[in-house]
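Got a minute to go through some labels on a model? Let's ask what earns each one.

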Amino acid sequence: MKKDYTEMNPYVLAIPVLAIGLQDSASACISPAIASIAASYPDVAVSTVQLLVTLPSIAVCIVSILYGWLSVRINPRTLVVIGLSLFVIGGMAPLFVTSFDGILACRVILGMGAGLTLPACDSIIPRLYKGRMRENMMGWNMTAGAIGVTVMIFIGGQLAAVDWHLSFLGYSVGLVSLILVLCLLPRIPMVKSEKDGNRPALSEVVTNIKWLAWVEIIVYFVGNLFATMVTSNLSLFVEGGGIGTPADSGNALSLQMAGAALGAFGYGWLKKNLGHNVIPLAWLVMGAGFLVVAHSSSLVAVMAGMFVAGMGVGVVWPAYCMRVTELTKPVAQAMAIAVAGALQGFGNFFNPVVGGWLAGLFGIGYGADMIRLDSWVIVAIAVVVFLAGTFGVRRAKQRVKG
């Protein structure tokens, strides 16, 4: 491993950086095994067994925010190594743990590891890359994450059919990432206080996230919340409407991830050609795809809509990471991205609560009605973001002329 990243070929450097992003989900691997696990612990309530899926998400959210503060005190490479180690230990230990409480504890450890690695990659890229390569890497990181989730779900599902304990082997993806990081990732340049050149205080980190960056983070949080409500209602729509089976719902979600991988891969090209309009376009594509799903009467149409929506999903996250990075000083970039990722996680966790509130407020049912409402909200976000961006560009041009 070379100590100075500037001496490395940028594409070789991309290997360990993108390997960090493979751990894009701490829950995906064992989702197909929940029913089998519940059957093995008949004395444990099903709702408690489901904590195996949701508990890591809460740990991710809490530790992600902590990462934003730690990354200006401890070299991010060290944090990544710690995060991947926790991910591997917490992910694979249930292979040998027999007590349910022990497995729950392992899931917390897994979430803590993911809470360090998930914001790490998006905040490391702006420090290691500049210009067009930085934009490409942001998109490729999302692509790597989508591929990682798909691989983990596939491995987990296949092994769960043999023995649910084996589904935890899917987290061995983290072991591959850890080896690549140890061998190839150099120390990351640390950011310093603009006041005295030392380690920045927490107050300096937080205050350097300006109000416009907070607006962008909140817009992303709201849009992502409604997008995840679509996926939560997909099986109710597909199976409840007699369109398909649970397996078909899973295949539609897999197609969404494939679309996300494709959209993220092309993010750099889109940013080059569309500039600030890439964000409203991503929301529009996402909303349009979900609208196709909501009005579908065939499985083929559902699959097509989810794939199209996935392309929007794949562009939105790297686009907002870049936007927040552009609006934030280096000392606060990691914290801003960590907060955005944490809010995303909290939104995913609480979207059933928000969905229930909306159902009562508008008097609509779950499934098609909820997907339709979510889709129109996302389209509205696209319109508002486009108008706000256009107005901002015009004001900037007027200031230059003035």
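What follows is a short round of questions and answers on this predicted model.

Q: Why is Leu-202 called partly exposed?
A: Leu-202 has 40% relative accessibility. Partly exposed is the class between buried, under 20%, and exposed, over 50%, so Leu-202 counts as partly exposed. As for its place, Leu-202 is in helix H9.

Q: Which residues form the nonpolar patch on the surface along with Leu-202?
A: Val-206, Trp-214, Ile-218 and Val-222 join Leu-202 there, and together they have about 370 Å² of accessible area. Helices H9 (202–207) and H10 (211–240) each supply at least two residues of the patch, with H10 giving the most, three residues.

Q: What makes Ala-213 buried?
A: Its relative accessibility is 0%, and the cut-off for buried is under 20%, so Ala-213 counts as buried. Ala-213 lies in helix H10 and, leaving aside neighbours within four places in sequence, is in contact with Leu-327 and Thr-328.

Q: Why is the aromatic pair of Tyr-220 and Tyr-320 called tilted?
A: The ring centres are 5.5 Å apart, with 50° between the planes. Rings pair if their centres lie within 6.5 Å, and planes under 30 degrees apart would be stacked, over 60 edge-to-face. The 50° angle fits neither, so this pair is tilted.

Q: What does that pair tie together?
A: Tyr-220 lies in helix H10 and Tyr-320 in helix H14, so the pair ties together parts 100 residues apart in sequence.

Q: Are Tyr-220 and Tyr-320 buried or exposed?
A: Buried means under 20%; Tyr-220 has 6% and Tyr-320 has 3%, so both count as buried.

Methods:
Residues are numbered from 1 along each chain as its sequence is written. This is a predicted model: local features need pLDDT of at least 70, side-chain atom pairs count only at pLDDT 80 or more; totals for chains, interfaces and linings use all residues. Side-chain values use heavy atoms; hydrogens and water are left out. Patches are made of residues with over 30% relative accessible area and no salt bridge: like charges are joined within 9 Å, nonpolar side chains (Val, Leu, Ile, Met, Phe, Trp, Tyr) within 5 Å. Accessible areas come from the Shrake-Rupley method with a 1.4 Å probe; for residues, only the protein chains shown count as cover. A salt bridge is a side-chain nitrogen of Lys or Arg within 4 Å of a carboxyl oxygen of Asp or Glu. Helices (H or I, at least four residues) and strands (E, at least two) are DSSP runs, numbered from the N terminus. Buried means under 20% relative accessible area, exposed over 50%, partly exposed in between (1.4 Å probe, protein chains only). Contact means heavy atoms within 4.5 Å. Rings of Phe, Tyr and Trp (its six-membered ring) pair if their centres lie within 6.5 Å; planes under 30 degrees apart count as stacked, over 60 as edge-to-face and the rest as tilted.
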